[in-house]
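Here's a quick tour of one protein chain, going from its domains to a surface patch and then to its cysteines. Have a look at the structure first.

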Amino acid sequence: MDIGSTIRAIRNRKNMTIAQMSEGTGLSKGFISNMENNNTSPSIQSLQAVAQFLAIPLPYLLLEKEQRMRVVRKQERQYTSYSKEKIKVEHLTSKGGLTMQRVEFPPGAATGDSSHAHEGEECHLVLQGTILAEQGEDSVVLEEGDAFSWNACVPHLVRNIGEGTAIVLIAIYTGGESADIL
């Protein structure tokens with residue numbers, strides 16, 4: 001755990017000196033320096049004083065780097081296309097077992113020739129167009145602004161039944177690694 005570097009980075013970003021932090025927290029300058037250089041393991045009480053002084057939540061200091069916010073810039077996104085149906089999947093972001101995708105369905109395109117199932121749960125928001133969502137014996141037509149969700153272990157299918165491209169925002173939770181809808 002690299003708590004010290006996190007504290008130093010926040011202190012520097014806020015243009016604060018070690019002397020100011022020492023005065024504001026009651027911790028010695030030497031202790032703060034050792035803490036920032038990861039030469040000492042601060043107590044929860046010391047970390048609470050630092051967090052309060054820096055005006056940040058204490059749990060933020062305890063996060064590992066890979067647990068912090070992940071940013072995927074638009075130009076860094078990965079794309080997958082499925083040539084048979086010409087469906088374009090834009091992989092927006094993922095965290096643990098949660099994946100978010102923006103999927104473009106050309107007119108008539110579907111997630112397969114027949115219903116399919118996989119691990120996890122899905123939530124969908126229709127951003128554009130008209131789609132038909134089928135799961136088991138349920139079938140519903142959805143349009144822009146409509147949302148639906150389902151347990152993905154039950155066979156399901158999504159088809160664009162409109163005349164133009166349909167765009168659907170999909171969040172998939174598998175509880176493990178990221179997943180794909182197709």
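## Two domains

The domain assignment splits the chain into domain 1, residues 3–67, and domain 2, residues 74–173. Keep in mind that this is a predicted model. Taken over C-alpha atoms, the centres of domain 1 and domain 2 sit 44 Å apart.

## The annotated stretch

An unreviewed UniProt entry carries the annotation "domain: HTH cro/C1-type" for residues 7–61. In the model, that span is 69% helix and 0% strand. The C-alpha atoms at its two ends are 7 Å from each other.

## A nonpolar patch

Which residues make up the nonpolar patch on the surface? They're M1, I44 and L62, and together they offer about 300 Å² of accessible area.

M1 belongs to the segment before α1, the helix that covers 3–13. With a relative accessibility of 59%, M1 counts as exposed, because the cut-off for that label is over 50%.

## Cysteines without a bond

How many disulfides does the structure hold? Zero. A disulfide is a covalent bond between the sulfur atoms of two cysteines, so it's worth checking the distances.

For C123, the closest cysteine sulfur is the one in C153, and at 14 Å that's too far for a bond, because the pair would have to be within 2.5 Å to count. Coming from the other side, C153 is in no disulfide either, with the sulfur of C123 as its nearest cysteine sulfur.

Is C123 buried, partly exposed or exposed? C123 is partly exposed, because its relative accessibility is 45%, and that label sits between under 20% for buried and over 50% for exposed.

How values were computed:
Residues are numbered from 1 along each chain as its sequence is written. This is a predicted model: local features need pLDDT of at least 70, side-chain atom pairs count only at pLDDT 80 or more; totals for chains, interfaces and linings use all residues. Side-chain values use heavy atoms; hydrogens and water are left out. Buried means under 20% relative accessible area, exposed over 50%, partly exposed in between (1.4 Å probe, protein chains only). Patches are made of residues with over 30% relative accessible area and no salt bridge: like charges are joined within 9 Å, nonpolar side chains (Val, Leu, Ile, Met, Phe, Trp, Tyr) within 5 Å. Accessible areas come from the Shrake-Rupley method with a 1.4 Å probe; for residues, only the protein chains shown count as cover. A salt bridge is a side-chain nitrogen of Lys or Arg within 4 Å of a carboxyl oxygen of Asp or Glu. Helices (H or I, at least four residues) and strands (E, at least two) are DSSP runs, numbered from the N terminus. Domain bounds come from an automatic or database domain assignment. UniProt positions are given in the numbering used here, feature names are shortened, and annotations may be inferred rather than shown by experiment.
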